[in-house]
Amino acid sequence: MDIGHLVANRDASDILTCEAGHTMRDAITILAEKRIGALPVMQDDKVAGIFSERDVLYCMAQQGPSCLDRPVGDVMTAPAITVERSEKIDDALSLMTRRRIRHLPVVENGALIGFVSIGDLVKSRFDQVQQEAQEMRSYIQTA
């Protein structure tokens, strides 16, 4: 199964993002209000990076509360590691494990069309394994 299957029924306009020029304070407000862990950071209609809870922690640990007025573009993780809709879920999981990341923007021709978390991918893979197990049980029962 590929990433396109996961994002097919999602509206790209529903993806929460922030601009590289927004302050960390503004981005943190979005993360907290929406109870999410990361935002794609946009610049010139392209994904420039990812702003996550980890970025907040690292910046706060190094600079203290004064960093909250810094632009997100200064502290985001960049460049963004992205995938296309044709990427296989297992390959995306492997990429996330290797790079130690939890969120992937899905892009097509440079445009953001989706945003998936490791939880989305694990759930999809789990559902697939469950379906395969059910098919195997059915096959065994009819053999």
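# Exercises on a predicted model

Setting aside residues within four places in sequence, V107 touches V47, T82, V83, E84, R85, L112 and I113. The model is predicted, so keep that in mind as you work through the exercises below.

## Exercise 1: Two residues of one strand

Task: Find the element that holds V107, then decide whether V107 is buried or exposed.

Solution. Start with the element: V107 sits in strand β4. Next, take the relative accessibility of V107, which is 12%. The cut-off for buried is under 20%, so V107 counts as buried. Finally, look at one of the contacts of V107, namely T82. V107 and T82 are 25 residues apart along the chain, and their C-alpha atoms are separated by 6.7 Å.

Task: Do the same for H103, and list which residues H103 contacts beyond its neighbours within four places in sequence.

Solution. H103 also belongs to strand β4. The relative accessible area of H103 is 17%, and H103 is buried. With neighbours within four places left aside, the contacts of H103 are G37, A38, M96, F115, V116 and S117. One of these, M96, will come back in the next exercise, where M96 is part of helix α5.

## Exercise 2: A pair of helices

Task: Work out how the axes of α5 and α6 are oriented relative to each other, and which residues of the two helices meet.

Solution. First, locate the helices: α5 covers residues 89–99 and α6 covers residues 118–142. Their axes come within 10 Å and cross at roughly 140°. That angle makes α5 oblique to α6. For the handedness, α5 passes α6 in a left-handed crossing.

Now turn to the side of the contact that α5 supplies: I89, D90, A92, L93 and M96. From α6 come I118, L121, V122, S124 and R125. Sorted by character, the residues of this contact are seven nonpolar, one polar and two charged.

## Exercise 3: A salt bridge between the helices

Task: D90 and R125 both take part in the contact of α5 with α6. How far apart are the closest N and O atoms of R125 and D90?

Solution. Begin with the general idea. Side chains of opposite charge can pair when their charged atoms come close. In this model the closest N and O atoms of R125 and D90 are 3.0 Å apart, and the two residues form a salt bridge. Next, ask what the pair connects: R125 is in helix α6 and D90 is in helix α5, 35 residues apart, so distant parts of the chain are linked.

Last, check accessibility. R125 has a relative accessible area of 27% and is partly exposed. D90, at 43%, also counts as partly exposed.

## Exercise 4: Further salt bridges

Task: How many salt bridges does the model have, and which parts of the chain does the pair E53 and R102 tie together?

Solution. The count comes to seven salt bridges. In one of them, the side chains of E53 and R102 meet with an N to O distance of 3.9 Å. E53 lies in helix α3 (residues 53–63), while R102 is in the loop between α5 and β4 (103–108), so the pair ties together parts 49 residues apart in sequence. Both ends are partly exposed: E53 has a relative accessible area of 38%, and R102 has 33%.

Another salt bridge joins the side chains of D74 and R70, at 3.6 Å from N to O. D74 is partly exposed at 49%, and R70 is partly exposed at 25%.

## Exercise 5: Backbone details in the loops

Task: Which two residues are joined by a cis peptide bond, and where is P79 found?

Solution. The cis bond joins A78 and P79, with omega of about -5°. P79 is found in the loop between α4 (72–75) and α5.

Task: D45 and N109 are not glycines; what are their phi values, and are the residues buried or exposed?

Solution. Take D45 first. Phi of D45 is positive, about 60°. D45 lies in the loop between β2 (38–43) and β3 (46–52), and its relative accessible area of 68% makes it exposed.

Then N109. Phi of N109 is positive too, near 50°. N109 is in the loop between β4 and β5 (111–117). At 76% relative accessibility, N109 counts as exposed.

Terms used:
Residues are numbered from 1 along each chain as its sequence is written. This is a predicted model: local features need pLDDT of at least 70, side-chain atom pairs count only at pLDDT 80 or more; totals for chains, interfaces and linings use all residues. Side-chain values use heavy atoms; hydrogens and water are left out. Axes are lines fitted to C-alpha atoms, for helices over the stretch in contact, and angles run from 0 to 180 degrees between N-to-C directions. Helices (H or I, at least four residues) and strands (E, at least two) are DSSP runs, numbered from the N terminus. Angles under 35 degrees count as roughly parallel, over 145 as roughly antiparallel, 65 to 115 as roughly perpendicular and the rest as oblique. A crossing is left-handed if the near helix is turned anticlockwise from the far one by less than a right angle, and right-handed if clockwise. Contact means heavy atoms within 4.5 Å. Ala, Val, Leu, Ile, Met, Phe, Trp, Tyr, Cys and Pro count as nonpolar, Asp, Glu, Lys and Arg as charged, and the others, Gly among them, as polar. A salt bridge is a side-chain nitrogen of Lys or Arg within 4 Å of a carboxyl oxygen of Asp or Glu. Buried means under 20% relative accessible area, exposed over 50%, partly exposed in between (1.4 Å probe, protein chains only).
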